[in-house]
Amino acid sequence: MLTGSIAALFALLLAVLAVLVPLILIASRAESARRLAVALILIASFAGCVVAVSSFLRQPGPVLDLSRATPFPFSFAVDRLSAFFLLLVCSVAIPVTLFGASYFDLHYSEQRRNWTWAFLSLFLSSMIAVVTASTGFAFLAGWELMALVSAGLILIEGDSTERRHNVFIYLLMMHVGAAAVAACFFLFLPYSHGLDFRAIRAAGAIVPPGIRTAVFLFAFAGFGAKAGLIPLHLWLPRAHPIAPSPVSALMSGIMLKTAVYGFVRFAFDFLGGGPWWSGYAVLLVAAVTGLLGILYAIAENDLKRLLAYSSVENLGIIFLGLGTSLVFLAHHAPLGAALALVAALLHAFNHALFKSLLFLGAGAISNSTHSVDLNELGGLQRRMPLTGAAILVGCCSIAGLPLFNGFVSEWLTFRSFLAGSTLIDTKAQIVLPLMVGILALIGGLTAACFVKTFGVAFLGRPRSAGAEDAREVPLGMRAGLCLLAAGCVLIGIVPGLLLRPLVPLAQVLITGAGVPSETLSIARITPWTAAIVLGTSALVVLFKRRERMARTWACGLPELSSRMQYTSTVFSKPIRFVFARVYRPDRKVEQVPADQPYFPVSISYRSVRTTSYERALYRPFVDLIVSLALRLRRLQTGNIQVYLLYIFLALVSLLTFLRFQR
Amino acid sequence: MKITIDILQVLILIMAAPLVRGVIARLKARLQRRRGASVWRPYAELFKLLRKEELVPPTSSAVFRLAPVVLFGATICAAAFVPVMHASSLLGSQGDFFMLVYMLALGRFFLSLGALDGGSAFGGMGASREALVSSLAEAPFLLGLVALAVLAARADIAGMVAWTLGQNIFNISAVHILAFTSLAMVTLAETGRMPVDNPTTHLELTMIHEGMVLEYSGPSLALIEWASAIKLHAMLALLIALFCPWGMAASGSGWGMAAALLLYCAKIAVLAILLSVIESAVAKLRMYLVPDFLGVASAVSALAVIFTMWVKR
Amino acid sequence: MGLVGIATEKILSSFSVFLFLTILLLAVARRISTSVLLFGLQSAIIAAEVLATAFQEKLPQVYIVGALVFVIKVIAIPRAFFLLTRRLKTVRDVKASTTPTQSVFVAVAIIYLSYAAVHSYGGAVHVPDDPLAAAVSLILTGAFLMVSRKKALMQMLGLLVLENGIFLAALITTFGMPLVIEIGIFFDILMGLLLMGIFTFRISDTFEHLDVSKLRRLRG
């Protein structure tokens, strides 16, 4: 009976999000209609969390079959993997909706607000559809809907040539990825006679090795494009910064994780691990993604672009865990594979939490100061204490510091690398421990990047009038931020909450895995470390003496102004200098007038950073396609007789083909 | 019984840290043909600072006041991972050396934030340079520890110490030599000693750590100075425990512990002499040569990891 | 076995580690004098190894070879280099074309490559892995030094390091060649150094610098 009611709840929540809320918002412009819609979204998300947790505890989960109403098989099923990602989607959706309720009230006009909430509801329903789909058609439908609706949300925010160009690139790359994903499904078609996930899973055992390799490559390319792995990441720093902050939070926090879900579903559930080289290929791409992502993030001064590049880097870390798991699978070591998979999935959840927190924080900052340029912020902690505290929690989490959730997943990833030294294969014995160095470098650079972000934005003196006049944000925004911050700290101190369900999930996906002892040992030790650090801090704070306000010392310099502080550009200069080969900026110094070098009227300095792949990889590729298209244009002569000739030729070749097929 | 010993180890690391600093300062003074201050001077300085009132810049926020506290707490927690006289530590568990490195990173993160909160250029300069050095120093630190972990087939520091105790002291292992080289270089970088940073200077051109603490005074400054002394002591103790642990007490007997403690003091003295010689003999590296220094450390530790495959000694 | 016996055994089993350290340090060295000192250290380690082999295999003529190595490579040649540097009054910088970080990673790759190559020979040649890998690494490092350092003096040093490697390889596989051949090789080296020294003086006189990358008139 309980299963029946859970299934009903699931059907209801999908119906509410996909159909009811948009209808309400389109039908009426009233304030109360919007409040009702927001409340419905919150209730539906909460219901989603309930469905996820109960499906996890009691398998088999609810199944929703809508095939009678649609031309192709269309059904949803919540198994353990889907339940985990459903929990991810819904638990992040709640704080983001709370935040968005105040945010959109303050920033949008009536009509835009309604459209935004309608699209947002559709967006959530499409993401839930993707992670709970159990037929190929449902999956692809949700996949495409996600891209379209998010593009719509971006365009609601504003319209200009540049925005349209960025949205165009975004949709283009999403469609290319979707084509690759569709190819994956269709490659299974001859063996599974239908695209139901159960059939595909059964077919996965009998598929020949060549097809397996092709499926793996297409899945990696398709889901990698959606996840923003280098070199297919070009759309991420274009699309995420221009969306409104709650939407960016959803895109970065949840949408990227659906790509992780898809990859895990294909590589682990359907294929049971790729070919022997698959793990190393994934590790290589992930390492490059992580390093370059954080290097580009450090160089950014725009807060939202910085966070977008940081998402690229974190997806790299997730795929490092997935690649390690594939290596272990290829060497028939299920325990290590389970550990690495748990690490990757936990990092996906953690990233969803702290990245959405940081994007919502960027929204709060832009709400109060009307700017997201780090060089114009400063001194916000005194003016927005609660927001600052929540964002500080987010920065510490993303830097992977202990007591926060980012550390637990990075620790597990490190342990899985270390476990690689127990494999027999010499390649794995060298590559996996050396990956510790790469992840350590990525982690170190992330910490540096977020010291810069929080320090320049929130600490010191305000660098502009906007920052000086900042006020604390309204209750709804604060609630959303604090919920996410609380989640980060909770999982950081008591990671067992998520680790205990993740281990059986890994055991389902990887046959023959026991319980990795590392998951237990970290859950045991984190409360103690938290106790020591917090206890010492509390003791010290209790004994603090009195303090007196006095001018900043700064070696006795008088009249300090906000311009004498370190800016974001300068802070990252040493790191940018060391890694100059990666950045290769185009620098131009222009002086007016040019013929009188000693009496300049003005000197301007321009530094443009185009990522090197745009020049080396994409430009030639795009030029090739454009030239091919121009050549194909010759087929369109405009002469009707030529078109009739084409039809005639098509008929003739079809008949010849039929003749020679026998 | 084990808990008592472990707590005693942590207390030794915390309480004796200013003494280690005082000894190194005095040795350096002697090498530079000065008389040098007494070895108990850092204790006097801590007492003095703890009694003073604290001056806080008006533009600073709660982070400025929180930073020294978190730094101190995190450093104590890191010290709880290091064995001193007995092959065990208070928070010893599988995979604890990752925790140690990241606990130190937590302290550094908050110290950099506190520096930026002062609102002056010195704090920013110190924080920016510290960001460069620390982001590059984490990789060789972890790789060196991983090389030792792979060699010992154990994932906790106490386990590695126990494995090393079972080895013959005269069997020079390539992995250990390479790991020691890189970990020694990392220690110099992390604790802000020459040639990476000059701990005695107060010129803005040459300071990294000193730049970050410029705005602090009174008890906060005492906490920061004490925390950096504990960090130095803990890292020296870590080097000793990983590379020369012979003499550690196997059982919990009182005489065994006392003997182990004496031997530990002798080893720390040797390291202090080595450190003061290096600090007096080498000039500080230019800022943009420090990445080369740490790059060499990374390469050496990567080689140590590679060697674990062939040289299982 | 006695203290000397224990010492020789330790030397024979673990000297290759120190050779690897000198290789890494040579990759990072930025002054000519440091490189020469490292070469002297390397030769001293090899001399110790020669003497240890002589003691263990009980071959008296190898003692003479060891003494020759010590006198010529540890004392005479570095002395000659220092004299040369002083007479030429050149800038002390080594003028590397790769940064220290890149050089040291190349050195790590060289060491890994030599180990991998030696490992695959395995039991074919009955010698322990470490010293042979050290010898191959020295050869490759000498070649790398010649390629990446632009000072003419560093070309000479690279050649000497290369010769060190060949000597070590010969020593390991044959436990000391006949004395006559050893002496012949030494004289060859001395002749070569003398010639190189003379040419370096001529180059410095004619061109006023010793930067090899600028000597490009030898073109078709």
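## Interface and architecture of a three-chain predicted model

The count between chain A and chain B is 2 salt bridges. A salt bridge here is a side-chain nitrogen of Lys or Arg within 4 Å of a carboxyl oxygen of Asp or Glu. This is a predicted model, in which local features need pLDDT of at least 70, side-chain atom pairs count only at pLDDT 80 or more, and totals for chains, interfaces and linings use all residues. Residues are numbered from 1 along each chain as its sequence is written, chains are lettered from A and ligands numbered from 1 in the order in which they are written, and side-chain values use heavy atoms, with hydrogens and water left out.

**The A–B interface**

Arg65(B) forms a salt bridge with Glu547(A), and their closest N and O atoms are 2.9 Å apart. Polar contacts add to the picture. The rule finds 12 residue pairs in polar contact across the interface of chain A and chain B, both residues at pLDDT 80 or more. A polar contact is a pair of N or O atoms within 3.5 Å; within protein, one must be able to donate a hydrogen and the other to accept it, and residues adjacent in sequence count only if both atoms are side-chain atoms.

Several elements of chain A each supply at least two residues of the side that touches chain B, among them helix 16 (405-419), helix 17 (426-458), helix 21 (517-542) and strand 3 (547-549). Helices and strands are DSSP runs, numbered from the N terminus: helices are H or I with at least four residues, strands are E with at least two. Helix 17 of chain A gives the most to this side, with 19 residues. The side of chain A that touches chain B divides into 48 nonpolar, 17 polar and 11 charged residues. In this count Ala, Val, Leu, Ile, Met, Phe, Trp, Tyr, Cys and Pro are nonpolar, Asp, Glu, Lys and Arg are charged, and the others, Gly among them, are polar.

In contact terms, 76 residues of chain A meet 70 residues of chain B. Contact means heavy atoms within 4.5 Å. The size of an interface is often given as the accessible area lost when the parts come together. Chain A and chain B bury about 6,300 Å² between them, with 76% of it on carbon and sulfur atoms. Leu418(A), Arg548(A) and Tyr566(A) supply 9% of the area that chain A buries against chain B, more than any other three residues. Buried area is the accessible area (1.4 Å probe) that two parts lose on being put together, summed over both.

The two chains also share strand pairing. Strand 3 of chain A and strand 1 (residues 54-56) of chain B run parallel and are joined by 3 bridges. Two strands pair if DSSP finds at least two bridges between them. Met549(A) stands opposite Val56(B) in strand 1 of chain B.

**The chains**

| Chain | Helices and strands | C-alpha box along the principal axes |
|---|---|---|
| Chain A | 26 helices, 5 strands | roughly 95 × 70 × 65 Å |
| Chain B | 12 helices, 1 strand | roughly 55 × 45 × 40 Å |
| Chain C | 7 helices, 0 strands | roughly 60 × 35 × 35 Å |

Chain A has 26 helices and 5 strands. Its radius of gyration is 26 Å, close to the 26 Å that the globule rule gives for 662 residues, so chain A is as compact as a globular protein of that length. The radius is taken over C-alpha atoms, and the globule rule is 2.2 Å times the number of residues to the power 0.38.

Chain B reads α-α-α-β-α-α-α-α-α-α-α-α-α along the sequence. The radius of gyration of chain B is 19 Å, close to the 20 Å from the globule rule for 313 residues, so chain B is as compact as a globular protein of that length.

Chain C runs α-α-α-α-α-α-α from the N terminus on. A compact globule of 220 residues would have a radius of gyration near 17 Å; chain C has 18 Å, which agrees.

**Local features**

The whole structure holds 25 salt bridges over all chains. One of them joins Arg21(B) and Glu225(B), with the closest N and O atoms 3.0 Å apart. This pair links distant parts of the chain: Arg21(B) is in helix 2 (residues 17-31) and Glu225(B) in helix 10 (residues 218-243) of chain B, 204 residues apart.

A cis peptide bond joins Ile230(A) and Pro231(A), with omega about 5 degrees. Pro231(A) is in the loop between helix 8 (209-227) and helix 9 (236-239) of chain A. In chain B, the peptide bond from Met194(B) to Pro195(B) is cis, with omega near -5 degrees.
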